[in-house]
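Colleague: Please take me closely through the way the helices of this model pack against one another. You may begin with the backbone details in the loops and place the helix contacts in their wider setting.

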Amino acid sequence: MTISANIKIAVLGLGHVGLPTALGLAELGWPVVGADDDQAKARRIAQGEAPFYEPGMAELLQRQLGSGRFQVAGSVPDAVQQGTILFVCVGTPLGADGRVDLSQVESVARTIARNLNGYKLIVEKSTTPVRTAEQFHRTIARYSNGQHPFDVAVNPEFLREGTALQDFFHPDRVVLGVATPEARQMLLQIYQPLLERMAASGNGSAASKGSSPLMVTDLNTAELIKHSANAFLALKISFINLIADFCEATGADVTEVARGIGMDPRIGPAFLRAGAGYGGYCLPKDLKAFVRIAEEHGVDFSLLNEVGRINDARAERIVQRLRHATWVIKGKTVAVWGLAFKPHTDDVRDAPSLRIVSRLREEGASLRLHDPWAMEQFRRDFPDQPPRLVYCPSPENAAEGADALVILTEWPEYLKADLARLRESMAAPIIVDGRNLMDPAAVRALGFDYYGIGRP
Ligand SMILES: NC(=O)c1ccc[n+]([C@@H]2O[C@H](COP(=O)([O-])OP(=O)(O)OC[C@H]3O[C@@H](n4cnc5c(N)ncnc54)[C@H](O)[C@@H]3O)[C@@H](O)[C@H]2O)c1
């Protein structure tokens, strides 16, 4: 087939991956139509309202709606019919049986099949277990009338919430899993403006070193790259958390150990921050899914089961730390700073805060919660229940009258708090720092009992 200059991109699923992808591609100059089967969400986006917090997103959405390069379709079938290249960005949650629940992917495959009206390249961007693209292809073929040719490709997404747009425009790598020369050529064409932009700015990490961040491979390898990357990142965090426990037992300092080992280029300094454990929509579910699919293919990944188990135990460790600090948790008022699974997002999916807040309630504490962006999301799981559970307008307000302060997200604004005043306003000056955000010496000098993670 010949590659048309009149490419139109359709992005199916406008969530944390789909919306940045759609807006990023529009910013690169491509005409993009987005669609989501959550009609309320699609309407909000069409009206210029970002449905979640992501730095720079609201402004980019306004700009691209204004430019006319990004539009929201009236329905998913409409977007499928308009698009030549379809990016599938729907959710892939964990099912009750420990396998990935691929119902959103399968449903979108059937919608695509029924609305094929010419050649389409269908790009799986959602994180899926190896061999999903093959099944995806079979499903579209089965439900379509066979009149229109199509290709399936895999383009896993590596963006991080909180820096999603930065990651879109300056990716470490762009992995393209393709099965045909046409798919390869079309995807290279789509990413060409990005590569040129990176080369011009010299800003992309790979481009600035003179190499292209593009990697073209087959479908199964592309799917495995994404799952392997997340499994390795989870492993790094659980590893440093175990080292933190060892540091606590021996009086060593995990932040120094992390710095010392991170200077080795074979290890690297990133993702070596000990704390309350990893969370979010990717690492916990992707790790479990990866282990499961590996087992189904006869590969024993008990190593990664252990990574998950270590992470699950982090929440209880924070509770134990608080018990140690307060002696008895029951009847105490505990301030919690940070609910999002990481800073610069309002996402609380699988956040450690969910488990820790739940445990503190079981222990009989009254909670005063604060997060700069994530309180609305957190309320869905934990509605207001004064005086047992209240959401506070500022970190200082949350700490007022509290017997202890627990830090669960390393929002930079928490470093700006006036700690001397904070100490005066608290009933007892106890800080349990689940993210090693504070400087222990400075905090202790102000008279706080300070408990970090893996630091003497
Ligand atoms: N969130 C991240 O940081 C991140 C990073 C890399 C990869 N991923 C992967 O990307 C995928 C999407 O993740 P997300 O965080 O954007 O999820 P999300 O829940 O924020 O967004 C998914 C969107 O798809 C929509 N949707 C569901 N079924 C649909 C259908 N049939 N047609 C059209 N829209 C439909 C939902 O309404 C929702 O808006 C997942 O596979 C995830 O593992 C996520």
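**Helix packing and its setting**

Modeller: D350 is found in the loop between β9 (333-337) and α14 (352-362). The phi angle of D350 is near 55°, a positive value in a residue other than glycine. Please keep in mind that this is a predicted model. A second backbone detail concerns P387, which lies in the loop between α15 (375-381) and β11 (389-391). The peptide bond leading from P386 to P387 is cis, with omega near 0°.

The domain assignment divides the protein chain into domain 1 (9-217), domain 2 (233-308) and domain 3 (313-451). Between domain 1 and domain 2 the C-alpha centres are separated by 29 Å. Their contact draws 10 residues from domain 1 and 9 residues from domain 2. On the side of domain 1 that touches domain 2, there are 5 nonpolar, 3 polar and 2 charged residues.

I turn now to the helices, starting with α10. Helix α10 (residues 219-250) packs with helix α13 (residues 302-326) at an angle of about 55°, and their axes are 9 Å apart. An angle of this kind makes α10 oblique to α13, and the crossing is left-handed. From α10, the contact uses A231, A234, L235, S238, N241 and L242, while α13 supplies L304, V307, I310, N311 and R314. Sorted by class, this contact has 7 nonpolar, 3 polar and 1 charged residues. The charged residue is R314, and the polar ones are S238, N241 and N311.

Helix α10 also meets helix α11 (residues 254-262), with axes that come within 9 Å and cross at roughly 130°. This angle again makes α10 oblique to α11. Here α10 passes α11 in a right-handed crossing, whereas the crossing of α10 and α13 is left-handed. The residues involved are I240, I243, A244 and C247 in α10, which meet V254, V257 and A258 in α11. The contact of α10 with α11 has 7 nonpolar residues, with no polar and no charged ones.

A further pair is formed by α5 and α6. The axes of α5 and helix α6 (residues 132-143) come within 8 Å and cross at roughly 40°. That angle makes α5 oblique to α6: angles under 35 degrees would count as roughly parallel. The crossing of α5 and α6 is right-handed. On the α5 side, V105, E106, A109, R110, I112, A113 and R114 make the contact, and on the α6 side T132, F136, T139, I140 and Y143 do so. By class, the contact of α5 with α6 comprises 7 nonpolar, 2 polar and 3 charged residues. Its charged residues are E106, R110 and R114, all supplied by α5, and its polar residues are T132 and T139 of α6.

Helix α5 leads on to the ligand. The largest share of the shell around the ligand, 3 residues, comes from helix α5 (residues 103-114). Of the 27 residues around the ligand, those that come nearest are G13, G15, H16, S126 and T127. Taken by class, the shell has 11 nonpolar, 10 polar and 6 charged residues. Helix α5 thus has a place both in the contact with α6 and in the shell around the ligand.

Key
Residues numbered from 1 in each chain as written. Predicted model: local features only at pLDDT ≥ 70, side-chain atom pairs only at ≥ 80, totals over all residues. Near = placed C-beta within 6 Å. Helix = DSSP H or I, 4+ residues; strand = E, 2+ residues; numbered from the N terminus. Axes fitted to C-alpha atoms, helices over the stretch in contact; angles between N-to-C directions. Parallel < 35°, antiparallel > 145°, perpendicular 65-115°, else oblique. Left-handed = near helix turned anticlockwise from the far one by under 90°. Contact = placed C-beta atoms within 7 Å. Domains from an automatic or database assignment.
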